[in-house]
Amino acid sequence: MSEKRARQLVRERSGGVCEVCGAARATNYQHRKNRSQGGPWSAANGLDVCGSGTTGCHGYIHAHPDEACLKGWSVRSWDDEHAIPVQTHMGPLLLDDEGGWAWAEITEGALDG
Ligand SMILES: [Zn+2]
């Protein structure tokens, strides 16, 4: 998938609202799995978040990597971004590559901390 297409799908999914806090305009495509770890440009691997490198939810995610992994905002290189629920302002979701989503079952303890 092209970068342009991935950004477009993620923006359509979010409706332009930060998918993490739901309280600010989304401005930034957050890679759940880093590009450096083989993370693709895809709807499932992206989150539309507010802020930039150091501000808003984007900045928060990068400043709190352990919490970000726990909440699915970041995905470790060996995990599948399609299978890891992401905690959004709507609740925990599973994302697909077409820009769709489904409610995720919360595995016990997944959101501890
Ligand atoms: Zn936000």
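Here is a walk through this structure, from its zinc site to a patch on its surface.

A word on ground rules: this is a predicted model, where local features need pLDDT of at least 70, side-chain atom pairs count only at pLDDT 80 or more, and totals for chains, interfaces and linings use all residues. Residues are numbered from 1 along each chain as its sequence is written, and side-chain values use heavy atoms, with hydrogens and water left out.

Let's start with the metal. Four cysteine sulfurs hold the role of protein donors to the zinc ion: the SG atoms of Cys-18, Cys-21, Cys-50 and Cys-57, at 2.2 to 2.3 Å from it. (Donors are N, O and S atoms within 2.8 Å of the metal, or 3.2 Å for Na, K and Ca; water is not among the atoms, so sites may look incomplete.) The angles between these four donor atoms run from 104 to 115°, which makes the arrangement tetrahedral; for four donors, that label asks for all angles between 85 and 135 degrees. Along the chain, the donor residues follow the spacing C-x2-C-x28-C-x6-C. Cys-18 sits in the loop between α1 and β1, and Cys-50 in the loop between β2 (46-49) and α2 (56-63), so this pair ties together parts that are 32 residues apart in sequence. Helices (H or I, at least four residues) and strands (E, at least two) are DSSP runs, numbered from the N terminus.

How buried are these two? Cys-18 counts as buried because its relative accessibility is 0%, and Cys-50 is buried too, with 8%. Buried means under 20% relative accessible area, exposed over 50%, and partly exposed in between (1.4 Å probe, protein chains only).

Gly-16 is found in the loop between α1 (3-14) and β1 (28-31). At 17% relative accessibility, Gly-16 counts as buried. Beyond its neighbours within four places in sequence, Gly-16 is in contact (heavy atoms within 4.5 Å) with Arg-11, Ala-24, Arg-25, Ala-26 and Asp-48.

Next comes Ser-42, in the loop between β1 and β2. Ser-42 is buried, at 5% relative accessibility. Its contacts, leaving aside neighbours within four places in sequence, are Met-1, Ala-6, Val-10, Tyr-29, Glu-81 and Asp-97.

Finally, the outside. Trp-103 belongs to strand β5 (residues 101-103) and counts as exposed, because its relative accessibility is 54%.

Note on methods: Four donors count as tetrahedral if all angles lie between 85 and 135 degrees; four count as square planar and six as octahedral if opposite donors are over 155 degrees apart and all others between 65 and 115; anything else is irregular.
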